[in-house]
Amino acid sequence: MTEDLNTRLEHAAQGITPQTCPDERRRYLGSLRERVLIRMTVEETNNQKLDTLFLKHIDDYKGYTILINGKIPQNDFISKLMGLCSQKDIKFTLINDDNAKDEPNATGILVVSKTAINHYRVEINQVYAPEVPNEQLTERKKPSFWDRLFRKKD
């Protein structure tokens with residue numbers, strides 16, 4: 001206990017402050033999971049459908065900050081995103097520090113808030129789920145007891 005206290009005092013005297021949730025911050029480009037609205041992986045930034053979907057909802061991100069992984073290869077989507085953010089006055093930041101990775105499952109783009117919003121689903125496929133065709137939405141009428149009892153078998 002006294003060693004922890006002494007260590008903490010030494011760090012405070014040197015200006016070193018402990019970081020909360022370091023693993024979580026590495027995964028979410030320096031932010032926390034509780035602040036994330038939408039997350040796209042590096043691999044998903046190369047998917048044309050997801051790129052179009054993200055840009056389609058760009059007006060939903062006003063008041064948020066978009067964090068872009070600076071280590072992913074520059075492509076048309078990133079260029080369009082930065083252009084639209086500048087045009088629509090949406091804050092964005094390129095992250096090039098140790099938190100940014102270029103692996104396929106690493107975070108490519110995040111839409112984050114300044115405060116906790118605690119969304120349960122943050123992956124882009126979960127937030128903007130594909131629409132279900134109308135054929136699948138029609139209810140099938142459940143046959144009544146008598147229909148099942150006296151149904152002709154073919």
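## Working through a predicted fold

The buried residues of helix H3 pack against strands S1 (36–41), S2 (65–69) and S4 (107–112), and against helices H4 (76–87) and H5 (124–127). Keep in mind that this is a predicted model.

**Exercise 1. Find which residues of H3 are buried, and what caps the N-terminal end of the helix.**

Solution.
- Step 1: H3 covers residues 48–56. Its buried residues are Leu50, Asp51, Leu53, Phe54 and Leu55.
- Step 2: Check that list against helix geometry. An α-helix has 3.6 residues a turn, so residues three or four places apart point the same way.
- Step 3: Go to the N-terminal end. The cap there is asparagine 47, with a side-chain oxygen 3.0 Å from the backbone nitrogen of lysine 49.

**Exercise 2. Work out how many residues the largest nonpolar core holds, and which have the most contacts inside it.**

Solution.
- Step 1: The largest nonpolar core has 24 residues. Phe54, Tyr61, Ile66 and Leu81 have the most contacts inside it.
- Step 2: Now sort by element. S1, H3, S2, H4 and S4 each give two or more residues to this core, and H4 gives the most, with 5 residues.
- Step 3: Another core lies apart from that one. This second set has 9 residues, among them Tyr28, Leu110, Val112 and Val122.
- Step 4: Zoom in on phenylalanine 54. Skipping neighbours within four places in sequence, Phe54 is in contact with Ile38, Met40, Tyr61, Ile66, Phe77, Leu81, Ile109, Val111 and Ile124.
- Step 5: For background, nonpolar side chains tend to be buried together in soluble globular proteins.

**Exercise 3. Decide whether the chain is more spread out than a compact globule or not, using its radius of gyration.**

Solution.
- Step 1: Lay out the elements. The chain has 7 helices and 4 strands, in the order α-α-β-α-β-α-β-β-α-α-α.
- Step 2: Compare sizes. For 154 residues the globule rule gives 15 Å, while the radius of gyration is 24 Å, well over that, so the chain is more spread out than a compact globule.
- Step 3: Look at the box. Along the principal axes, the C-alpha atoms fill roughly 85 × 50 × 30 Å.
- Step 4: Add the surface numbers. Buried residues make up 32% of the 154 residues, and the chain exposes about 11,500 Å², with carbon and sulfur atoms supplying 49% of it.
- Step 5: Don't skip the contact map. Take contacts between residues at least 6 apart in sequence: 81% of them join residues at least 24 apart.

**Exercise 4. Track down where cysteine 21 and leucine 29 sit, given that each has a positive phi without being a glycine.**

Solution.
- Step 1: Start from the usual expectation. Most residues other than glycine have a negative phi.
- Step 2: Cysteine 21 has a phi of about 50° and sits in the loop between helix H1 (2–14) and helix H2 (22–27). Its relative accessible area is 40%, so cysteine 21 is partly exposed.
- Step 3: Leucine 29 has a phi of about 55°, and its place is the loop between H2 and S1. Leucine 29 is at 4% relative accessibility, which means it is buried.
- Step 4: One cysteine check remains. Cysteine 85 has a relative accessible area of 1%, so it counts as buried. The structure holds 0 disulfides.

**Exercise 5. Say what the side chain of asparagine 69 reaches, and whether this residue is buried or exposed.**

Solution.
- Step 1: Asparagine 69 lies in strand S2. At a relative accessible area of 1%, asparagine 69 is buried because the cut-off is under 20%.
- Step 2: Its side chain reaches the backbone oxygen of lysine 101, at 2.6 Å.
- Step 3: Fill in the surroundings. Not counting residues up to four places away in sequence, asparagine 69 touches Leu29, Val42, Ile95, Ala100, Lys101, Thr107 and Gly108.

**Exercise 6. Identify the residues that arginine 35 contacts beyond its neighbours within four places in sequence.**

Solution.
- Step 1: Arginine 35 is in the loop between H2 and S1. With 26% relative accessibility, arginine 35 is partly exposed.
- Step 2: Its contacts are Val111, Val112, Ser113, Lys114, Thr115, Ala116 and Ile117.

Methods: Residues numbered from 1 in each chain as written. Predicted model: local features only at pLDDT ≥ 70, side-chain atom pairs only at ≥ 80, totals over all residues. Heavy atoms only, no water. Buried < 20%, exposed > 50% of the residue type's maximum accessible area, 1.4 Å probe, protein only. Contact = heavy atoms within 4.5 Å. Polar contact = N/O pair within 3.5 Å; in protein donor to acceptor, adjacent residues only side chain to side chain. Disulfide = S-S within 2.5 Å. Core = buried A, V, L, I, M, F, W, Y, C linked by side-chain atoms within 4.5 Å. Rg over C-alpha atoms; globule rule 2.2 N^0.38 Å. Areas by Shrake-Rupley, 256 points an atom, 1.4 Å probe, with all protein chains shown as cover.
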